[in-house]
Structures are given as C-alpha cells and as structure tokens.
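Dear colleague,

I am passing on the structure we spoke about, and below it I set out what came up when I went through it. Please read the notes with the structure open beside them.

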Amino acid sequence: MLERLGEEHRAVRRVREEPVALLAGIEVTDPERMRSEPDRMAELLEAHLDHEEHQEHQEAELPFPGPGTATRPAGA
C-alpha cells in the first residue's frame, strides 16, 4: 500500500510540473495537448485522491494496535 502511494505521489509531482514545461514551450507545444492536458491532469489527481480516501476508510476500520502489540503485516 505505501509503495503504491509513493508511486502515485511521484506521478502527482510530475503532473504538477508538466504545466510549467508546457507553458515554457508554448510556442512549440501542440495546441490540442494544451487543451487536453488539464482534463488529463484532473483525472489523474482525482483517481489518486479517490484511492487515498478509500485507503483511509479501510484503515479507519482496522483496530489500532495497543502497547506491546506486534504490527507485522499478515503472513509475515
């Protein structure tokens, strides 16, 4: 789970950097890409936030381990 969130956060970082790169090359950037990029970025960010929210709800339903309780993943 944490590995996937890390990957998603790296993807979100790239998405945040892409508009700067597009605008820096506005003279040569494909106009269709300039029009479609905001929608693509919004879809990616919404999917990421939906996944995080889903994970938070799942974790909220798990009992919190008490003092001295092992926190090894199941099957480890």
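Arg33 has a relative accessible area of 41%, which lies between the 20% and 50% cut-offs, and therefore the residue counts as partly exposed. Please keep in mind here, and in everything that follows, that the model is a predicted one. The side chain of Arg33 meets that of Glu37 in a salt bridge, with 3.7 Å from N to O. Both residues belong to helix H2, where four residues, or about one turn of the helix, separate Arg33 from Glu37. The two partners differ in cover, since Glu37 has a relative accessibility of 4% and so counts as buried, whereas Arg33 is partly exposed.

Glu37 also takes part in a salt bridge with Arg40, and in this case the distance from N to O is 2.6 Å. These two residues are three apart in helix H2, which means that about one helical turn lies between Glu37 and Arg40. Salt bridges with shared partners join Glu18, Arg33, Glu37 and Arg40 into one network.

The link to Glu18 runs through Arg40, and the closest N and O atoms of that salt bridge are 2.2 Å apart. This pair connects distant parts of the chain, as Arg40 sits in helix H2 while Glu18 sits in helix H1, which covers residues 2–24, and the two are 22 residues apart. With a relative accessible area of 35%, Arg40 is partly exposed, and Glu18, at 23% relative accessibility, counts as partly exposed too. As general background, side chains of opposite charge can pair when their charged atoms come close. In total, the structure holds four salt bridges.

Turning to the charges on the surface, I found a negative patch that is formed by Asp39, Glu43, Glu46, Asp50, Glu53, Glu56 and Glu59. One of its members, Asp39, has its place in helix H2, which spans residues 31–60. Asp39 counts as exposed because its relative accessibility is 52%, and the cut-off for that class is over 50%.

There is also a patch of positive charge on the surface, in which Arg10, Arg13, Arg14 and Arg16 gather. Arg13, for example, is placed in helix H1, and its relative accessibility of 44% is the reason why Arg13 counts as partly exposed.

What lies in the loop between H1 and H2? One residue found there is Thr29, and because its relative accessible area is 15%, Thr29 is buried. A polar atom of the Thr29 side chain lies 2.8 Å from the backbone oxygen of Gly25, and the backbone oxygen of Leu22 lies 3.3 Å from a polar atom of that side chain.

For the chain as a whole, the secondary structure comes to two helices and zero strands. The chain has 76 residues, of which 18% are buried. The area that the chain exposes is about 6,400 Å², and carbon and sulfur atoms supply 57% of that area.

With best regards

Technical notes: Residues are numbered from 1 along each chain as its sequence is written. This is a predicted model: local features need pLDDT of at least 70, side-chain atom pairs count only at pLDDT 80 or more; totals for chains, interfaces and linings use all residues. Side-chain values use heavy atoms; hydrogens and water are left out. Patches are made of residues with over 30% relative accessible area and no salt bridge: like charges are joined within 9 Å, nonpolar side chains (Val, Leu, Ile, Met, Phe, Trp, Tyr) within 5 Å. Accessible areas come from the Shrake-Rupley method with a 1.4 Å probe; for residues, only the protein chains shown count as cover. Lys and Arg count as positive and Asp and Glu as negative; His and the chain ends are not counted. The place of a charge is taken as NZ of Lys, CZ of Arg, CG of Asp or CD of Glu. Buried means under 20% relative accessible area, exposed over 50%, partly exposed in between (1.4 Å probe, protein chains only). A polar contact is a pair of N or O atoms within 3.5 Å; within protein, one must be able to donate a hydrogen and the other to accept it, and residues adjacent in sequence count only if both atoms are side-chain atoms.
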